[in-house]
Number of protein chains: 2
Amino acid sequence: MRRGLEFKKKARIIIVDDNYEHLSGIKELIEIESDFDVVATATSASVAISLIKKYRPEIVLMDINMPEKDGLTAIAEIEKLDLGVRIIALTGYDDPDLIFRAMKIGAKGYILKTMASAQLIYAIDEVAAGKIYLPAALSSRFFEYFQKSFREENQELSDEENLLNYLTQREEEVLDLLTQGITYKGVAQKLFISETTVKTHVNNIFQKLQVNDRTQAVLYALNNGFLNRRKVKIAI
Amino acid sequence: MRRGLEFKKKARIIIVDDNYEHLSGIKELIEIESDFDVVATATSASVAISLIKKYRPEIVLMDINMPEKDGLTAIAEIEKLDLGVRIIALTGYDDPDLIFRAMKIGAKGYILKTMASAQLIYAIDEVAAGKIYLPAALSSRFFEYFQKSFREENQELSDEENLLNYLTQREEEVLDLLTQGITYKGVAQKLFISETTVKTHVNNIFQKLQVNDRTQAVLYALNNGFLNRRKVKIAI
DNA sequence: AAAGATTTAGACCATATGGTTTAGAAATTG
DNA sequence: CAATTTCTAAACCATATGGTCTAAATCTTT
């Protein structure tokens, strides 16, 4: 086939699809059109996982639309095993949410069953070579979804509405320390001011943020873009 | 040029680059190789913004590496204006963090200055057509970064390490209410139990999470996957 | 049935936190 | 320079929160 892989180790592949027709179709296609080695196939995620543990393939082609255990959780589980298996997700349609979630949990590629066989082979080639591959069309859809989620989630408050913008420099510093779970005494020490001064600042913060206690102030800060060492969190 | 745009309205473009050499280079290239209409150029972000307000171009080519006001904040500001301008980011190197941040704040494309001119024209074509365009190489880098951030941030704690898993049902309920900024009294009312019972639960929670106060417990919960109505937050 | 964990709840006490007021020093702005 | 804002800090008090211990009722599990 294309791209001299003859001298490389042939990538070993496991294919997972609950539809046996599709499964054998893809298997044949790969065996005919490429140099890859289909070492096993599975029609359910749970079987697939034990096969993966057994054969340690380089690549797994995983259908996402399966009953019982769905493909996404299967991918998550396989990734958690940390066997270095590179998973390519496979579906019938380009639902951006599916694409987003698959890539998020670690899929190294995503292709549609409707795509040409050459595209499939190319994707496997790329992923086997250590890259992450999304066809341009899917990549475009992914980014639309990606950006939409940020638009919606991020700027739900305008600058005037975001009460954090009314805090003074010092109040921000105090609040920043509070969002790290530090007590008033600790804040006082860190900022080299007295504890009563901290209390004064804190009370002003409460007024400005319209909250009643430390926990609420911290929550307000975190939910409204207090740019700390904040962690990335997107619910699956 | 390629792709019959003759009958379409020619896309109007503004180019922003603090390096005048580059600026005129790109300008010439676009004027020669494509049908697009370069309506203005700017060597600073602030000038660019007023030009954009004035000319309302379809496309903006924005260099990211600029002194003074940097390109990313400029993009954010332009996006905030919500003029329907589609921004393509432009840099010398493929720093994945830059790519990630640019796409996050709404860039519709990202290309390297080192890329062939045909690639640039193609990118503009695609973006002008309403798509989001990232060359395969950059897309790959983006996803590596994207996935790494999730790996690091999400499963930094194993199930045994995540102290939240040692909480009982009831303790979880209490903690959940605490993460909503509710006081002990409020929790007692919501759960139809006495306030002293709440205190008992809370103290047990503190023991299990190895923290000393309510705020720290809430922070621990939020940072370790207490899957609430939590918002998507990634610091720019 | 016995053992164990969970949920409930009280007493008791110490301390941290929150509410309000006043006020001087320092920095900023007009 | 005068006016304003910010930062500092104290006094005073009320209440919420945290620490520790004990213990009964309920539920789970063996």
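Reader: Is A:H201 buried or exposed?
Author: Keep in mind that this is a predicted model. A:H201 sits in helix 9 of chain A, and leaving aside residues up to four places away in sequence, A:H201 touches A:R170, A:E171, A:V174 and A:I193. The cut-off for burial is under 20% relative accessible area, with the protein chains only taken into account. The relative accessibility of A:H201 is 16%, so this residue counts as buried.

Reader: OK, and what share of the residues of chain A count as buried?
Author: Chain A has 10 helices and 5 strands. Among its contacts with a separation of 6 or more, 63% come from residues 24 or more positions apart. Chain A has 236 residues, and the share that counts as buried is 50%.

Reader: How are helix 8 and helix 9 of chain A oriented to each other?
Author: Two packed helices get described by the angle between their axes and the distance between the axes. Helix 8 of chain A covers residues 184-191, and its axis is 8 Å from that of helix 9 of chain A, at an angle of about 110°. Angles of 65 to 115 degrees count as roughly perpendicular. Helix 8 and helix 9 of chain A are therefore roughly perpendicular.

Reader: Which residues of helix 9 of chain A meet helix 8 of chain A, and how many residues of that contact are nonpolar?
Author: From helix 8 of chain A come A:Y184, A:K185, A:V187 and A:A188, and they meet A:E195, A:V198, A:K199, A:V202 and A:F206 of helix 9. Sorted by class, this contact has no polar residues and 3 charged ones, and the number of nonpolar residues is 6.

Reader: Now the DNA! Which helix gives the most to the surface near DNA strand D?
Author: Around DNA strand D there are 18 residues, and the closest are A:T168, A:R170, A:S194, B:Y184 and B:R214. Of the strand D atoms that come within 4 Å of the protein, 70% belong to sugar and phosphate. Helix 7 and helix 9 of chain A, plus helix 8 and helix 9 of chain B, each supply at least two residues of this surface. The one that gives the most, with 4 residues, is helix 9 of chain A.

Reader: What distance separates a polar backbone atom of B:R214 from a phosphate oxygen of DNA strand D?
Author: Some phosphate oxygens of strand D have side-chain partners: an N or O atom in the side chain of A:R170 is 2.7 Å from one, and a polar side-chain atom of A:T196 is 3.4 Å from one. With B:R214 the partner is a polar backbone atom, and the distance to the phosphate oxygen is 2.6 Å.

Reader: And over at DNA strand C, which helix gives the most to the nearby surface?
Author: This strand has 18 residues around it, with A:Y184, A:R214, B:T168, B:R170 and B:S194 coming nearest. Helix 8 and helix 9 of chain A each supply at least two residues, as do helix 7 and helix 9 of chain B. The helix that gives the most, with 4 residues, is helix 9 of chain B.

Reader: Last one: how far is a polar side-chain atom of B:H201 from a phosphate oxygen of DNA strand C?
Author: Chain A contributes a side chain here, with an N or O atom of A:N203 lying 3.4 Å from a phosphate oxygen of strand C. B:S194 uses a polar backbone atom, 2.6 Å from a phosphate oxygen. For B:H201, a polar side-chain atom does the job, and the distance is 2.8 Å.

Technical notes:
Residues numbered from 1 in each chain as written. Chains lettered and ligands numbered in written order. Predicted model: local features only at pLDDT ≥ 70, side-chain atom pairs only at ≥ 80, totals over all residues. Heavy atoms only, no water. Near = heavy atom within 4 Å. Polar contact = N/O pair within 3.5 Å; in protein donor to acceptor, adjacent residues only side chain to side chain. Axes fitted to C-alpha atoms, helices over the stretch in contact; angles between N-to-C directions. Parallel < 35°, antiparallel > 145°, perpendicular 65-115°, else oblique. Contact = heavy atoms within 4.5 Å. Nonpolar A, V, L, I, M, F, W, Y, C, P; charged D, E, K, R; others polar. Buried < 20%, exposed > 50% of the residue type's maximum accessible area, 1.4 Å probe, protein only.
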